[in-house]
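Student: I've got a structure open and could use some help reading it. Can we go through how its strands and helices fit together?

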Amino acid sequence: MDPMLLPRYELLISIAKFIEDTKVVVNNTTIDGGLSNSGVKRLTLRGMGGLGKTTLAAMAVNLASVRAEYDHILWLNLGNHFQNFSDQNNINFDMYIGCLQNLCRQLGVSADHFHSELFLQPGDRPYAVASKTAQAIEESKCRMSQIINGLKVLIVLDDVWNHEDAELFNFGEQMTSCFCMLLTTRTLDQELLGSHILNVNFLNHQEATNLFCIEAGLSESFSTEDMEPLNNIIRKCGYVPLAIRTAGKIMKNIRQEIQPNITFTEIALMFTSSSDSPKMDTVFAILDRSFEFVRNSSEAHILRLFVSAFASLFHKDDSFRPWITSDGFALLWKSFTDSEIMNEFCPHWLNLGSENWQEISNLMCKMGLFDEDYVKYPRKPGLQKYFRIHHDLIWEFGKRLSSLFRVSNGKLVRCVEHGKTFCPKCFNSESDAEFISNSTEWAKMITESYSLSSQPNASENCDNSNLAINYESYMLEWFPLHLIKRGQSEEAVKLMKNEDFFMKQLRTFGIWNSCHMAVACVRTYSKSFFQNMASMNSSKGSKLVMVDVLFFVRDILNSFHRASQLKNIDQKEIGCSFIMLGVELQKYSRWIECFDFFFMSLNVFRSIGYGSNHPDIVRATRCIESCSLSPVILVSKDSPSRLRLKDHNTIFQKDKGKASFPLELSSHPGYAIARMNENYTKVSTHDQSWDYVMLGLGLKNSALVVSYDEGLIMHDNRMFRVSLDHFEEGTPITLRSPTKMKDTNELHSPIQMKDTNEEPEQVSNFLPCLNSSAQSFSIAFDGTIYPTMAPHLCLGVSPYPHLVLVSKNSPCRAIFKNFSDLQSLYKIPKKNAHSIERDQLEEQCNVDDGIKLELASHPGMGVVHIFGKKMQTSIASVHIDFLGLGPLKNAISAKMTEKGEILFQGKCEGVLCPSSPTPEIGDILLVLNVNPFSDGTDNETYKFIVHDNGTISPMLYPSLVLGFQVVHKEYSK
């Protein structure tokens, strides 16, 4: 091995010695035995992305001396399991089993020991499933330890994001033979427990020179004259391996493809002509040097603008570098050549005219900025030519370019100081504001060019046959997205909700791709809305528009599925699309409505004939379970249902008043504290108003990100509160706004309430004003959260899902077994008309005891009291109780009056009522002890009607029925 040809030779040797030797020298420190506290040898290579950690690990384990030391060397890339799902790198059960099966294949042993089936019982709550999953993972870990025990094993875990993931593969804890772990991670601020750390830093000068020569294909010896420019390039790259490799490849492409006669000194001068900039700026500066190979500076500037516009327009939230048709590329170039921007470069731009877009695309591919390929869509004839940005780094570079100039009203703005349109000194903002502003201008430019060019008579004015652009392809795939980017969201939404438009997308791109385009538009719309929220009066209407698009696509797919005889592959795409749409809807906390999407997917997969263990069936089922949120309540501090935060230690390490963290839980792996509904319920008394939303136990991806300061847990300018000042077990926890006084407009809270320019809706006036003690919480060192005024309690999870309002066709609806008895009571004539007949019917129906609220939809379950006693509020005469789903033995009974009131007797006597006079899906129902009709008025809000299918609706809202935010497993079958 020649150290002169191998970058970071000494670091590689240090890694190899640590793996091989019993006494290892790392960073001038002797480590006796190289063992961690657990008896397992473990070394972590730590550094920022792009520094070559994976390359070093691969080179180390391929050394002959290392391979001779171990019976087996295993490799797992943990980063591959998460990049498409979440930036939170935590392995779930299926991922872990897949990793173990991969290890078995590398070992050459059977993987039959590991399967992804869990032995769950019907009715298991989500947090019980999480507990069983954690136990199954531990058992699988022990089984793998037994398989490799007696062997000398080295395992490489590449791209580790969380030390908990590494611990899942620490099989050496239960082994008697040698076990070594080599990890790579980019999490610079996290210590991996029990591991020795090697920080992978920037290259030294010799290493950087060697790497550059390899990438640039420079094998000849350098003269003294060439060494100085080479050293300047190395310094310009900041000794970052990625930057040096990029520079080397650019130099190689230039010398071989673009300008073979250019000298090394000339190329080096292009790289080093601008002022120095640190770290990533050096990479951007290197990429910018590729434009210098276009000799004319004006033409080079045109190409810079084009790359910036391309990066701004042709990307989606889940893909920075999607493949773009040649028609899209050509249309963007045409919009450039037709725009007023080009007037800045006349006559230079004539050499890069609109008819030469193919030459431009070839040039950019040679410069390494773009890739090209031929792709075949399922429903499009032949192969289509596509382009995309070569690398994520180049997309970031294109975004950065937008900060070096400014476009306004279709024209380039000149800086005041230098009078330049491209001025790194004056236009050098690192914020996204310039990027967003310029993106709006680019979108305006390309949409206007499309609108003009796609007119019926447009082709008559075009004498260039080489510009045969398929405008329909652009219109179907990108036009709505660009309308949103330019600020014409209403026009975009109208187009997205046009049935003919969507059916054309289906015929052109297929089912899955068309739904993905719709979801991309919804995400862009949402992002655009929040960026411009300050100029909008209300967010509710805009959110409803976004949700409406998802429902529109769902309904079209559902109709399409019902009306057509489809192939299995098309039905599968429809089922997967329902899941994609439902997952997007979950971002708006519309949990109950998400059930409908996921049940549609489940029914589609079942219609294909998939069994219960098919991956698509399993995925749909898990999505259904992910919508089953259990309420967060107060429990005893010793309760097994208590909640414990996962990363609570970070709270005490941060500066006071600046802590911000997600409420992910260690007590319930994979879960977190989340909102139970999208909308805040607005409450108004005679002199006060506020709004609130219930909190529940949801998936960790929906975790609330809160700040914690002086006892206040805050999110979205709202605070955690103990409902109704009731410091007893079972009391729900809410996220509640400050109290706003109607007359004085003063806020009784340390924080300010957002001004929504809306008058608060008049809501049931029995809810009292809460005092400040209900909002003060403390976080213990074990991760539990408890009310400061009640340290014997803490936050926990309710065993009973709340009774809420759902859609009348929802799979979450409650179907009552004894509904006919309730109907007979409701239909009993009034006493003043047929007194004898009513008395007989009341006796027959056991009205004195009421009708037991047993459920046919959820076998073995019924409606239960959550507290089992009256909940005292700060208004002395008002008591409240919540209802939920529980065991049949605890089910309560109710009467129904001739007016439609549902009454309860006993220790929780009261009347059933919605929490709002204008109820919506997800609103909870309460038992209120005061008579809402005591003033003699006939309030329709508290009246219900029993339907012939066993459901119960508010009389004024027959599209809503009583239900629960959970689907029983037996019912789902």
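## Strands and helices, one step at a time

Tutor: Sure! Keep in mind that this is a predicted model. Let's start with a strand pair: S9 (residues 370-375) and S10 pair in the antiparallel sense over 6 bridges.

Student: Which residue in S10 is the bridge partner of Val375?

Tutor: Val375 lies in S9, which covers residues 370-375. Look across to S10, and the partner you find for Val375 is Gln384.

Student: And which residue in S10 stands opposite Thr325?

Tutor: Now we're on S8 (residues 324-325), joined to S10 (residues 384-389) by 2 bridges, with the two running antiparallel. Opposite Thr325, in S10, stands Tyr386.

Student: Next, the open sheet of 5 strands: which strands stand at its edges?

Tutor: Follow the order, S4-S5-S6-S3-S7, where the pairing is parallel. An edge strand here has a single partner strand, so one side of it is left without a neighbour in the sheet. That description fits S4 (72-77) and S7 (196-199).

Student: How many degrees does the twist average from one strand to the next?

Tutor: Step through that sheet strand by strand, in the order S4-S5-S6-S3-S7. From each one to the next, the twist averages 15 degrees.

Student: Which residue in S5 stands opposite Asn77?

Tutor: S4 and S5 (residues 153-160) run parallel and are joined by 6 bridges. Asn77 faces a residue of S5, and that residue is Asp158.

Student: What angle does the direction of helix H4 make with that of S4?

Tutor: H4 (residues 93-107) packs on the sheet, where it touches S4 and S5. Compare its direction with that of S4 and you get about 150 degrees.

Student: On to helix pairs. Are H24 and H25 roughly parallel or roughly antiparallel?

Tutor: H24 (residues 591-608) and H25 (residues 615-626) pack with their axes 9 Å apart, at an angle of about 165 degrees. Angles over 145 count as roughly antiparallel. So H24 and H25 are roughly antiparallel.

Student: How many residues of the contact of H24 with H25 are nonpolar?

Tutor: The contact includes Trp591, Phe595 and Leu602 of H24, along with Ile617, Ala620 and Ile624 of H25. Besides the nonpolar group there are 3 polar and 2 charged residues. The nonpolar count is 10.

Student: Last one: is the crossing of H23 and H24 left-handed or right-handed?

Tutor: The axes of H23 (residues 568-586) and H24 come within 8 Å and cross at roughly 165 degrees, and the two helices are therefore roughly antiparallel. Their contact residues divide into 15 nonpolar, 7 polar and 2 charged. As for the crossing of H23 and H24, it's left-handed.

Technical notes. Residues numbered from 1 in each chain as written. Predicted model: local features only at pLDDT ≥ 70, side-chain atom pairs only at ≥ 80, totals over all residues. Heavy atoms only, no water. Pairing = 2+ DSSP bridges. Helix = DSSP H or I, 4+ residues; strand = E, 2+ residues; numbered from the N terminus. Axes fitted to C-alpha atoms, helices over the stretch in contact; angles between N-to-C directions. Parallel < 35°, antiparallel > 145°, perpendicular 65-115°, else oblique. Contact = heavy atoms within 4.5 Å. Nonpolar A, V, L, I, M, F, W, Y, C, P; charged D, E, K, R; others polar. Left-handed = near helix turned anticlockwise from the far one by under 90°.
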